[in-house]
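Me: I have a protein chain to look over today. Can you walk me through it?

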Amino acid sequence: MGAPRTVTHVLVTLAVTATLASCAGRAPGGPVSAVTDPAAPPTGTIACAMVEGVELPPECIPVDVEANMALNDAYRQRMDVSADQVAAAEPERAAVEAALTGLVDTPWTGASVADALTAAGIDEDRASVVSVGDRDAPEQVEVIVSSTETAVCIVGQIDAAGVEVASEGMIGDGGCVPAQ
């Protein structure tokens, strides 16, 4: 019976020794480090936003907030499209533009834009129509048509200034309609 107790004491002693050894390189109030050279640059313990002209305290790890935000939104950015892709999507882009242009002198709504796109041969399952403003008299109606054959998004709008339609790339997450 004495042997299991001895093994337990040995294991506890080894665990305590290992814990103390891991703390040996730690500077008071600083991070655990295997390097104890006092000339070594301090390692930060908290993230601090970089501000031009301001020196950060030694406990800070400099963080470029603007760059991080840009990376965070990268999945929403549209990818580049080749001239061949734009050319392949041109008939569909022209159809969307004609459908919207036909509504310029009428009181258009999201529903009338969707109907015009369907009449122009655009599959309603590939079209996203969003009204901006009052539902019955919107300030603007935005249209996004996904073209799976060409990997191009037809992006357009109709508003008081007229109609704009362009062929653009898919967004970073792989679709045409950005997540809300």
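Me: Take the second largest pocket. How do the residues of its lining divide into nonpolar, polar and charged?
Reply: This is a predicted model, to begin with. The lining of that pocket has 6 nonpolar, 4 polar and 2 charged residues.

Me: What volume does the second largest pocket have?
Reply: About 220 Å³. The lining has 12 residues, and those closest to the pocket centre are Val130, Glu142, Val143, Ile144 and Pro178.

Me: Which strands each supply at least two residues of that lining?
Reply: Strand 3 (127–133), strand 4 (138–147) and strand 5 (152–159).

Me: Back up a bit. How many helices and strands are there in the chain?
Reply: The count is 4 helices and 6 strands. Read from the N terminus, the order is α-β-β-α-α-α-β-β-β-β.

Me: And what share of the residues is buried?
Reply: Of 180 residues, 22% count as buried. As for contacts, take those between residues at least 6 apart in sequence: 43% of them join residues at least 24 apart.

Me: Disulfides next. How many does a search of the whole structure find?
Reply: It finds 2. One joins cysteine 48 to cysteine 60, with an S to S distance of 2.0 Å. The other joins cysteine 153 to cysteine 176, with S to S also given as 2.0 Å.

Me: What pairing do you get if the bonded cysteines are numbered in sequence order?
Reply: The pairing is 1-2, 3-4.

Me: Is the disulfide of cysteine 48 and cysteine 60 left-handed or right-handed, and why?
Reply: Left-handed, because the torsion about its S-S bond is about -60°. Cysteine 48 sits in strand 1 (residues 46–49) and cysteine 60 in strand 2 (residues 60–63), so the bond ties together parts 12 residues apart in sequence.

Me: Are those two cysteines buried or exposed?
Reply: Cysteine 48 is buried, at 14% relative accessible area. Cysteine 60 is buried as well, at 11%. The cut-off for buried is under 20%, so each value qualifies.

Me: What about the link of cysteine 153 and cysteine 176: what is the angle about its S-S bond?
Reply: The angle is -85°, and the link is left-handed. The pair connects distant parts of the chain. Cysteine 153 is in strand 5, while cysteine 176 is in the segment after strand 6 (162–169), 23 residues apart. Both cysteines are buried.

Me: Glycine 175 caught my eye too. Where does it lie?
Reply: Glycine 175 is in the segment after strand 6. Its relative accessible area is 23%, so it counts as partly exposed.

Me: Which residues does glycine 175 touch, leaving out those up to four places away in sequence?
Reply: Cys153 and Met170. For a longer reach along the chain, take arginine 76: it is 99 residues from glycine 175 in sequence, with 9.5 Å between the C-alpha atoms.

Me: Switching to helix 3. Where does the kink lie?
Reply: At glutamate 90, shortly before proline 91. The kink is about 50°, and helix 3 covers residues 83–101.

Me: Which residues of helix 3 are buried?
Reply: Ala89, Glu92, Arg93, Val96, Ala99 and Leu100. The elements covering the buried residues of helix 3 include helix 4, strand 4, strand 5 and strand 6.

Me: How far is aspartate 115 from alanine 99 in space?
Reply: The C-alpha to C-alpha distance is 9.1 Å, with their positions 16 residues apart in sequence. Aspartate 115 is in helix 4 (residues 110–119). Its relative accessibility is 55%, so it counts as exposed.

Me: And glycine 121, where is that?
Reply: In the loop between helix 4 and strand 3. Glycine 121 is exposed, at 58% relative accessible area. Glutamate 92 is 29 residues away along the chain, yet the two C-alpha atoms are 8.8 Å apart.

Me: Last one, backbone angles. What is the phi of alanine 151?
Reply: Positive, about 55°, although alanine 151 is not a glycine. Alanine 151 sits in the loop between strand 4 and strand 5. At 30% relative accessibility, alanine 151 counts as partly exposed.

Key
Residues numbered from 1 in each chain as written. Predicted model: local features only at pLDDT ≥ 70, side-chain atom pairs only at ≥ 80, totals over all residues. Heavy atoms only, no water. 1 Å grid on protein atoms, 1.4 Å probe; cavity = no way out; pocket = protein on both sides within 12 Å on 5 of 7 lines; lining within 4 Å. Points joined across faces, edges and corners; volume = space filled by probe spheres on them. Nonpolar A, V, L, I, M, F, W, Y, C, P; charged D, E, K, R; others polar. Disulfide = S-S within 2.5 Å. Buried < 20%, exposed > 50% of the residue type's maximum accessible area, 1.4 Å probe, protein only. Bend = angle between axes of the 7 residues up to and from the residue. Contact = heavy atoms within 4.5 Å.
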